[in-house]
Amino acid sequence: MGTDAALRRREDGLEPVRLAVFASGSGSNLQQFLDAPGRFPDWPAAVVLVVSDKPASMAVERALGAGVPCFAHSPKEFADKAAYERAIVAQLEASRVQWIVLAGYMRIVGDSLLDAYEGRIVNVHPSLLPMFPGKEAVEQALAAGVTETGVTVHRVDRGMDTGPIVAQWRVPVLPGDDATRLHQRIQRVEHVLYPTVVGQLVREWAEEGDRS
Ligand code: GRF
């Protein structure tokens with residue numbers, strides 16, 4: 001569903017909350033947010049912008065396929081990280097983005113973004129944090145020999161996968177799992193948990209704003 005259709009859907013008087021999804025990779029989580037208005041009854045948000053540091057990624061392809069505007073630039077095009085993030089913030093403001101959803105965005109979010117969207121940036125991580133933060137969380141779980149891992153949705157702070165946890169879901173590690181198989185099982189959970197939790201967070205936020 002494109003941005004215009006998603007923005008038109010709500011009839012309860014509240015405007016859909018305007019999301020930017022940040023993605024560097026295959027964008028399978030991004031796809032869930034693009035499809036959410038058609039999948040979740042009364043989903044309270046709309047993706048109005050996709051931000052990617054990898055212009056050639058599948059994530060960008062999915063966004064363009066859905067008719068959602070993209071800020072797709074490599075940080076190398078900018079003088080430094082601060083300049084890159086300032087350009088992103090300018091685009092977020094131009095698109096009137098209210099919340100940021102990190103979905104496989106493989107960069108640490110810096111001060112410009114954190115200051116502009118304090119408390120309104122969320123991330124999904126493929127482990128039960130605080131276990132296995134950082135890259136290759138699925139491989140870390142396999143190497144540790146745990147019998148279960150999972151998915152964490154958390155708010156983003158200045159650390160690496162350290163922000164306050166909003167929701168977690170357990171996923172078993174099964175005999176014979178390799179990283180691909182286990183990650184597929186984890187992603188099936190992410191694809192439902194992440195849009196559900198973000199929907200709840202932004203609905204509460206919108207309702208609070210409406211009352212104040
Ligand atoms: C997800 O597994 C997420 O947990 C991690 O990066 C992966 C992104 O996958 N942060 P995709 O690009 O959404 O398919």
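Student: Which helix gives the most to the shell around the ligand?
Tutor: In this predicted model, helix 2 (28–39), strand 5 (121–125) and helix 7 (179–211) each supply at least two residues of that shell. His183, Gln187 and Glu190 are among the residues surrounding the ligand. The top contributor, with three residues, is helix 7.

Student: How do the residues of the shell divide into nonpolar, polar and charged?
Tutor: The ligand is surrounded by residues that include Gly25, Ser26, Gly27, Ser28 and Asn29. Val124, His125 and Pro126 also belong to the surroundings. Glycine is counted as polar here. The division is two nonpolar, nine polar and one charged.

Student: Which side chain has an N or O atom 2.8 Å from an oxygen atom of the ligand?
Tutor: Take the polar contacts one by one. Ser26 places a polar side-chain atom 2.6 Å from a ligand oxygen. Gly27 comes to 2.8 Å, but with a backbone N or O atom. The side chain at 2.8 Å belongs to His183.

Student: How much of the ligand's area does the protein bury?
Tutor: Start with the contact at His183, whose side-chain N or O atom is 2.8 Å from a ligand oxygen. Taken alone, the ligand exposes 370 Å². The part of that area buried by the protein is 88%.

Student: Where does the ligand sit, and what is the volume there?
Tutor: The ligand sits in the largest pocket. Among the residues nearest the centre of that pocket are Gly104, Val124 and Pro126. Those three also appear in the list of residues surrounding the ligand. The volume of the largest pocket is about 850 Å³.

Student: Which helix supplies the largest share of the lining of the largest pocket?
Tutor: The lining holds 35 residues. Helix 2, strand 5, helix 6 (137–144) and helix 7 each supply at least two of them. The largest share is four residues, and it comes from helix 7.

Student: How many charged residues are in the lining of the largest pocket?
Tutor: Sort the lining by class. It has 13 nonpolar and 14 polar residues. The charged residues number eight.

Student: What space lies in the second largest pocket, and which residues are closest to its centre?
Tutor: The second largest pocket holds about 160 Å³ of space. Its lining has 10 residues. The closest to its centre are Leu14, Glu15, Pro16, Val17 and Gln98.

Student: Which strand supplies at least two residues of the lining of the second largest pocket?
Tutor: By class, this lining has six nonpolar, one polar and three charged residues. Helix 7 supplies at least two of the lining residues. The strand that does so is strand 1 (17–22).

Student: Which peptide bond is cis, with omega near 10°?
Tutor: Look in the loop between strand 5 and helix 6, where Pro130 has its place. The cis bond runs from Leu129 to Pro130.

Student: Which residue other than glycine has a positive phi, near 55°?
Tutor: Turn to the loop between helix 4 (81–94) and strand 4 (99–102). The residue there with phi near 55° is not a glycine. It is Arg96.

Terms used. Residues numbered from 1 in each chain as written. Predicted model: local features only at pLDDT ≥ 70, side-chain atom pairs only at ≥ 80, totals over all residues. Heavy atoms only, no water. Near = heavy atom within 4 Å. Polar contact = N/O pair within 3.5 Å; in protein donor to acceptor, adjacent residues only side chain to side chain. Areas by Shrake-Rupley, 256 points an atom, 1.4 Å probe, with all protein chains shown as cover. 1 Å grid on protein atoms, 1.4 Å probe; cavity = no way out; pocket = protein on both sides within 12 Å on 5 of 7 lines; lining within 4 Å. Sits in = over half its atoms within 2 Å of the grid points. Points joined across faces, edges and corners; volume = space filled by probe spheres on them.
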